[in-house]
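Q: Please take a close look at a single part of this structure and set it in the context of the whole chain.

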Amino acid sequence: MKRGAGILLGISSLPSRYGIGCFDKTAYEFVDFLKSAGQAYWQILPLGPTSYGDSPYQSFSTFAGNPYFINLDELVSEQLLTSEECRSADFGNTHNKVDYEKLYYNRYPLLKKAYKRSNISQKSEFKSFCMQNSWLSDYALFMALKDKYGSRPWNEWEEDIRMRLPEAVEKHRNLLAEDIEFYKFLQFYFFRQWERLKSYANKNGVRIIGDIPIYTAFDSADTWANPELFQLDEKKLPKAVAGCPPDGFSAEGQLWGNPLYDWRKHEQTEYSWWISRLAHCFKLYDVVRIDHFRGFDEYYSIPYGSLNAVNGHWEKGPGIKLFNAFEKALGKKDVIAEDLGFMTDTVRQLVRECGFPNMKVLEFAFDSRDTGSSNDYLPHNYSENSVAYTGTHDNQTIASWFETISDNERETARQYLCDTHTPANELHKSFICLIMRSRANLCIIPLQDWLGLDDSCRMNTPSTIGSNWQWRLTVRPNETLCREILNITKTYGRL
């Protein structure tokens with residue numbers, strides 16, 4: 001990737017109508033904004049359908065798209081819905097936050113109305129879409145079964161369908177045929193609208209950086225349909241689950257709860273599932289950021305049933321073998337390795353062997369526990385083959401970060417900036433410029449940091465639930481901000 005810059009903003013944060021950002025005109029206007037501001041990349045969050053906790057990193061499928069992102073106005077233009085039906089639906093009263101409960105109870109009935117009016121089964125384009133996406137059949141059945149069983153996780157379903165006995169699968173495909181087709185309808189519209197938006201971005205010189213979790217959720221079509229690929233026992237319950245050990249984010253570590261891969265089985269199949277997954281991703285995105293890249297070298301295994309991540313241990317992952325198989329099957333692709341956190345020599349070696357750019361986060365640069373000029377996150381230490389961020393979706397905004405670090409850390413940061421006078425509420429621009437002038441080929445700035453917003457606009461606080469993934473723009477970025485971003489991007493040779 002040549003020297004350039006981009007902005008991080010999840011689809012859900014767009015200021016669309018009807019409760020959540022989606023693939024409507026505001027998305028196209030944001031592409032126009034990126035182009036005018038000289039930005040070559042738009043990094044988004046995972047696009048999958050969210051489950052409990054609303055996290056895009058805990059999805060019902062690694063292949064499917066989130067139906068919340070479907071543009072309802074397009075369904076109105078196709079006469080599948082009316083404007084009044086959309087306006088009268090209750091999606092919540094707060095424009096700056098997503099109300100996921102209201103969306104769940106009110107958007108799906110609207111989408112079901114559109115499906116019933118669509119006569120979708122007769123459309124050749126829909127039939128072709130279903131045939132071209134082999135994952136769709138299991139996903140749609142899984143979601144129809146979720147509805148039948150009151151949204152309970154699949155390990156609480158009746159024994160025959162939980163174990164996917166062939167006669168039970170066939171029986172439910174017939175019994176739930178209409179519900180299955182509804183979920184296929186949703187995916188058809190999701191992918192049609194997303195492909196149109198991505199095409200528009202590409203034609204305007206903007207590449208999409210997609211973000212994929214390393215793991216699948218336990219309660220997902222992936223795990224239910226492919227139990228042999230995971231560390232499950234004879235009852236198809238996890239033997240161990242994923243997470244992170246105690247660190248600066250959490251004294252008890254992070255208990256994610258995802259099932260762990262059976263890497264021996266993946267190797268026996270020449271990593272066919274992973275290759276299919278990545279091939280799918282590169283149809284959706286131009287660049288793929290793989291979350292928690294360390295897990296391919298060593299992964300943290302926590303006994304199933306643990307209340308926290310303290311008693312976990314490290315086990316060896318597939319290493320370079322997976323990425324050799326990936327390159328052999330798909331050729332060289334643009335991948336960003338999320339290698340944040342405590343890095344071992346073997347992880348660094350894996351990143352070097354893959355050749356992928358890794359991540360640098362400025363907020364980690366002035367930690368008093370890691371002092372000295374050799375800190376990897378100080379901008380003068382960035383290599384060209386890296387991607388620099390002020391912060392990510394898991395970090396504080398840069399404005400709130402500067403307010404909450406220690407006095408000593410603030411002094412160190414100002415010394416590094418050679419700036420003791422700029423008011424704290426304006427320093428976000430100085431920090432952005434600091435990484436924009438680094439050697440890193442690519443700089444990605446969260447839109448919250450360009451706007452100088454505080455932690456009320458933070459996207460996620462790890463190890464917490466209840467208030468994450470909700471933040472939304474209330475206004476479209478203005479011309480003044482556009483010119484400012486363009487000027488800074490030009491100044492540091494990123495056009």
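A: **A close look at G48**

G48 is buried, with a relative accessible area of 9%; buried means under 20% relative accessible area, exposed over 50% and partly exposed in between, with a 1.4 Å probe and protein chains only. This is a predicted model, in which local features need pLDDT of at least 70 and side-chain atom pairs count only at pLDDT 80 or more, while totals for chains, interfaces and linings use all residues. Residues are numbered from 1 along each chain as its sequence is written, and side-chain values use heavy atoms, with hydrogens and water left out.

G48 lies in the loop between β2 (41-43) and α2 (72-77); helices (H or I, at least four residues) and strands (E, at least two) are DSSP runs, numbered from the N terminus. Leaving aside neighbours within four places in sequence, G48 is in contact (heavy atoms within 4.5 Å) with S59, S61, A64, G65 and N66. K102 is 54 residues from G48 along the chain, and the C-alpha atoms of the two are separated by 19 Å.

The wider chain forms the setting of this residue. The chain contains 19 helices and twelve strands. Of its 495 residues, 57% count as buried. Among the contacts with a separation of 6 or more, 73% join residues 24 or more positions apart. The C-alpha atoms fill a box of roughly 70 × 50 × 40 Å, taken along the principal axes.
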